[in-house]
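Student: Hi! I have just opened this structure and I am new to it. Please walk me through it.

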Amino acid sequence: MDRIGEAAQVKAVVRSNTEIAPAHFEMTLEAQGAFRRPEAGQFVMVRIADGEVFLPRPFSVCCWEKAVSPRLKILYRVVGRGTGGLSRLGSGRTVDLTGPFGRGFSMPGDGRDVVLLGGGIGMAPLLSLLDRCRETGGPRSGRIAVYAGARTASLLIGTARAAECGAALRISTDDGSDGFHGPVTERFARERGEWDEKKTSLYACGPRPMLQSLQGLLKGSPAICEASLEERMACGLGACLGCAVAVRDGAGNRVFRRVCKEGPVFPLQDIFWE
Amino acid sequence: MANTAVSIGRLRLANPVMTASGTFGYGEEYAGFVDLNRLGAVVVKGLSLDPRPGNPPPRIVETPAGMLNAIGLQNVGVRAFIGEKLPYLREFAVPVIVNIFGERVEEYESLAGILSETDGVHGLEINVSCPNVKCGGLAFGTSPETVGEVTRRVRRVTDLPVIVKLSPNVTDIAVMAGAAEEAGADAVSLINTITGMSVDIDRRIPHLRNVTGGLSGPAVRPVALRMVWQVVKRVGIPVIGLGGIATARDALEFLIVGAKAVQVGTASFANPRATLDVVEGIERHLAERGIGDVNEIIGTLREGGEL
């Protein structure tokens, strides 16, 4: 098992950069040097070497391969200059890669059922968790279901991979073009009776309204739910304090925590929404 | 190998490259990337007497060649720093400079008093220049009287070298530097961030919850360099230059105009090894040109151009 921590800074070569859905890309990076395998839910910082964008950008690692050199995959949606610049990089180009950073998901205990809820590009960190579940053979005897949602069918991300991993796929789209017609959380709400929540671990990542609505649904539930958050950050390693999010601490106080260091994964019920 | 050591008053640095407060955490954050013993000094995140939660997010946004931040001086407070953060730094030979700020002059005094009696603290940097909290220093940094008052009161309670960190958000920064010198400062460091803002045109809201923030990064470097040049002419105490330094070339510009040392700040966010890259780049520069001592470069600007 790889240890958390011990981040590295290496050059990485873009091996592929494919538009898998409108404005959504999958990029394969090959690290040119030792790079630790990220835990499920950890992230890396990617910076275009000598690019016009000054700061690196954080991305969840959705897939890891160790061939000759370590290769990792990130999924991203083009939203601004950083991701725009990234989307124009061809194979063979070099980027600066640092990481892995942050605290990822807790692995589900033996026998627990696992429910993943992903909205749009939020599927990325969940796929890394699925990978880990498959590798460790766990959760032993538990079921795995993936609730994947998107605005429309063409924007569903990672559903093929989820199916390959042996998860039961439950699709929702806002416009009804595939699967359930409505938000991913509403589908889950209707079907939650299938799960013994005392023995279910939930993992979620997606737009904040989705996570907020899931938090409401699960209020008082014995289910364990962890959510992966996204926030603008400059350094990724805990120094800039730019990525603060308000959460409840052990004593119940509202405090700021760093998405890059104490997160990006937090217990869903601890998160305050601004 | 060339001599790279410089002196800031009684403080001797193995080389002129320091970290800038607020960009290097408490040192440990960069442990995997930088051997702290290779740095001239580590300046830690600004400390107040009590912990501060900081501003609500969003706190940062990237801007052309830099970024705006409105962190709001979030910090663990001086007691937790001494108990939980300083022991790690004591393991290194690198001088540790503690940046302090307060809402009242008495707070600066108390901080200076506590830190003077603490093992492993080698200097104080007085922050009178944070633009992101109502009373977080800048209130003291915009008039020569209050700069002098804070400096004098800190000077009275400490034997540690005192560096006063100045704000560029004033009419004449050299006047503030002069006030710090007269009040007994051992050095001044400049510049802190330049107040700025940025707007999301789709939602018509400021990118920062605090509305305004401090601009840093390569974008501010020419402004910082000009101010360092002005201050060097005005004061006799050492000047520490910072503002957008990302490479050895950038650092050398500051040394040539007369800075005795430099701080590398925002560049560490983009490249965690930036401080070390600057150290190594300066060493290479000296070696390539056969310069035996970095001090031979400091303050050697030829203003008349090619003579």
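**A chat about two chains**

Student: Let's start with one spot. What phi does B:Gly184 take, just after α5(B)?

Tutor: B:Gly184, just after α5(B), takes a positive phi of about 105°. Helices here are DSSP runs of H or I with at least four residues, strands are runs of E with at least two, and both are numbered from the N terminus. This is a predicted model, where local features need pLDDT of at least 70, side-chain atom pairs count only at pLDDT 80 or more, and totals for chains, interfaces and linings use all residues. Residues are numbered from 1 along each chain as its sequence is written, while chains are lettered from A and ligands numbered from 1 in the order in which they are written.

Student: And how many residues of helix α5 are buried?

Tutor: Seven of the 10 residues in helix α5 of chain B (173-182) are buried, so the helix is largely enclosed by the rest of the structure. The buried residues include B:Ile173, B:Met176 and B:Glu181. A residue is buried if 20 or more other C-beta atoms lie within 10 Å of its own, exposed if 12 or fewer, and partly exposed in between, with C-beta atoms placed from the backbone.

Student: Which residues does B:Leu190 touch?

Tutor: Leaving out residues up to four places away in sequence, B:Leu190 touches B:Lys165, B:Leu166, B:Pro168, B:Ile173, B:Met227, B:Val228 and B:Val231. Being in contact means that the C-beta atoms, placed from the backbone, lie within 7 Å. B:Leu190 belongs to strand β10 of chain B (187-190), and B:Leu190 is buried, with 26 other C-beta atoms within 10 Å.

Student: Zooming out, what is in chain B, in helices and strands?

Tutor: Chain B holds nine helices and 16 strands. Its radius of gyration is 18 Å, close to the 19 Å that the globule rule gives for 307 residues, so chain B is as compact as a globular protein of that length. That radius is taken over C-alpha atoms, and the rule is 2.2 Å times the number of residues to the power 0.38. The C-alpha trace of chain B spans about 50 × 50 × 40 Å along its principal axes, and 58% of the 307 residues count as buried.

Student: Which sheet in chain B has four strands?

Tutor: That open sheet runs in the order β5-β6-β14-β11, with antiparallel pairing. Strands β5 (60-63) and β11 (194-197) of chain B stand at the edges with a single partner strand each, so one side of each is left without a neighbour in the sheet. Two strands pair if DSSP finds at least two bridges between them. Strands β6 (66-69) and β14 (212-216) of chain B are joined by three bridges, and B:Asn69 stands opposite B:Gly214 in β14(B).

Student: Over to chain A. How is it divided into domains?

Tutor: Chain A has domain 1 (8-101), domain 2 (105-228) and domain 3 (229-274), with bounds from an automatic or database domain assignment. The centres of domains 1 and 2 of chain A, taken over C-alpha atoms, are 24 Å apart. Their contact takes 13 residues from domain 1 and 14 residues from domain 2. On the domain 1 side, β4 (57-66) and β5 (70-77) of chain A each supply at least two residues, and β4(A) gives the most, with four.

Student: How do β4(A) and β5(A) fit together?

Tutor: β4(A) and β5(A) form a hairpin with three residues between them. Five bridges join these antiparallel strands, and A:Glu65 has A:Arg71 in β5(A) as its bridge partner. β4(A) is also joined to strand β3 of chain A (43-48) by four bridges, again antiparallel.

Student: Which strands make up the seven-strand sheet?

Tutor: In chain A, the order is β10-β9-β8-β7-β11-β12-β15, an open sheet with mixed pairing. β10 (180-181) and β15 (265-267) of chain A are the edge strands, each pairing on one side only. Inside the sheet, β8 (144-150) and β9 (168-173) of chain A run parallel over six bridges.

Student: Last one: how many residues of chain A are in contact with chain B?

Tutor: 23 residues of chain A are in contact with 27 residues of chain B. On the chain A side, β13 (244-248) and β14 (254-258) are the elements giving two or more residues.

Methods. Two residues are in contact if their C-beta atoms, placed from the backbone, lie within 7 Å.
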